Amino acid sequence: MNAPPAASDPHERATHPKSRVTGRATPGDPTPENLTALVDGRLPGLLGFRVVAADRGGVTAELDVRPELLAPNGYLHAATVVALADTACGIGCRLTLPEGARGFTTIQLSTSYTGTVREGAVRALATLAHGGRRTQVWDAEVSDAATGRAIALFRCTQMILYGVEP
C-alpha cells in the first residue's frame, strides 16, 4: 500500500483514511523533520525538542541544554527531562495507534533520575513496552548525548482514545 502524500502544512489534518490522530495530525510521511514540526509553537518546541529517528519500534529525540532550561541549582531542570521523554513517547504512540483509535492521552508517568547535565545535549530513546488496544506503555532512557551516560529512566502509560473527535 502506498503512503499518502505529505500535507503541505504539517499541522493540517491528514486526509488519508487511516489518519486517526486528533489535533495536529501525524504526517503521512513521518520523517524526523515532519515529526519535529508537530511540536512547533507548543511546549516541546519551545524547549527545542527535535526528533532524530522514528519508526514503529521507537523514537529518538534530543534537545540542547541552554541556561533557561536549568534549575536554580545550575543543573538541567527535571521538568525538561520529563518533557523530552514524554514527548518522544507520545510521538511513538502516535505512530503505533491501533486501527480505529482517534488519539491518546498520558494517564501515568514516572521518572527515576540517575544523573544530570549542565551543558551539551540530552537524548531520549523511547521504546514501546506494551501495545494494547486500550493502553500503551512506553519506556524512555534519557542520556547525555555526548557520552551516552544515562541521566533518567522514564515510563508512561498512554490511554488510547476511540470515538468521535472533540
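A patch is made of residues with over 30% relative accessible area and no salt bridge, and nonpolar side chains are joined within 5 Å. In this predicted model, Ile107, Met159 and Leu161 form such a nonpolar patch on the surface. Together the three residues have about 230 Å² of accessible area. Leu161 lies in strand β6. The relative accessible area of Leu161 is 31%, and partly exposed residues are those between 20% and 50%, so Leu161 counts as partly exposed.

The strand that holds Leu161 belongs to an open sheet of six strands, in the order β1-β2-β4-β5-β6-β3 and with antiparallel pairing. The edges of the sheet are taken by β1 (50-55) and β3 (103-113). Each of these two strands has a single partner strand, so one side of each has no neighbour in the sheet. From one strand to the next, the twist averages 20°. Helix α3, residues 78-95, packs on the sheet and touches β1, β2 (58-64), β3, β4, β5 and β6 (150-161). The direction of helix α3 makes about 45° with that of β6.

Strand β5 stands between β4 and β6 in the order of the sheet. Strand β4 (residues 121-131) and strand β5 (residues 135-144) run antiparallel and are joined by nine bridges. Within this pairing, Ala124 is opposite Val142 in β5, and Leu125 has Glu141 of β5 as its bridge partner. In a regular strand, side chains alternate between the two faces of the sheet. The connection from β4 to β5 is a hairpin through three residues.

On the other side of β5, the pairing with β6 is also antiparallel and extends over nine bridges. Here Ser143 stands opposite Ala150 in β6. These two strands likewise form a hairpin, with five residues between them. In its turn, Gly148 has a positive phi of about 80°.

The accessible areas of β5 can be set beside this pairing. Buried means under 20% relative accessible area. Seven of the ten residues of β5 are buried, so the strand is largely enclosed by the rest of the structure. Strand β5 is also among the strands touched by helix α3.

How values were computed. Residues are numbered from 1 along each chain as its sequence is written. This is a predicted model: local features need pLDDT of at least 70, side-chain atom pairs count only at pLDDT 80 or more; totals for chains, interfaces and linings use all residues. Side-chain values use heavy atoms; hydrogens and water are left out. Two strands pair if DSSP finds at least two bridges between them. Helices (H or I, at least four residues) and strands (E, at least two) are DSSP runs, numbered from the N terminus. Axes are lines fitted to C-alpha atoms, for helices over the stretch in contact, and angles run from 0 to 180 degrees between N-to-C directions. Contact means heavy atoms within 4.5 Å. Patches are made of residues with over 30% relative accessible area and no salt bridge: like charges are joined within 9 Å, nonpolar side chains (Val, Leu, Ile, Met, Phe, Trp, Tyr) within 5 Å. Accessible areas come from the Shrake-Rupley method with a 1.4 Å probe; for residues, only the protein chains shown count as cover. A salt bridge is a side-chain nitrogen of Lys or Arg within 4 Å of a carboxyl oxygen of Asp or Glu. Buried means under 20% relative accessible area, exposed over 50%, partly exposed in between (1.4 Å probe, protein chains only).
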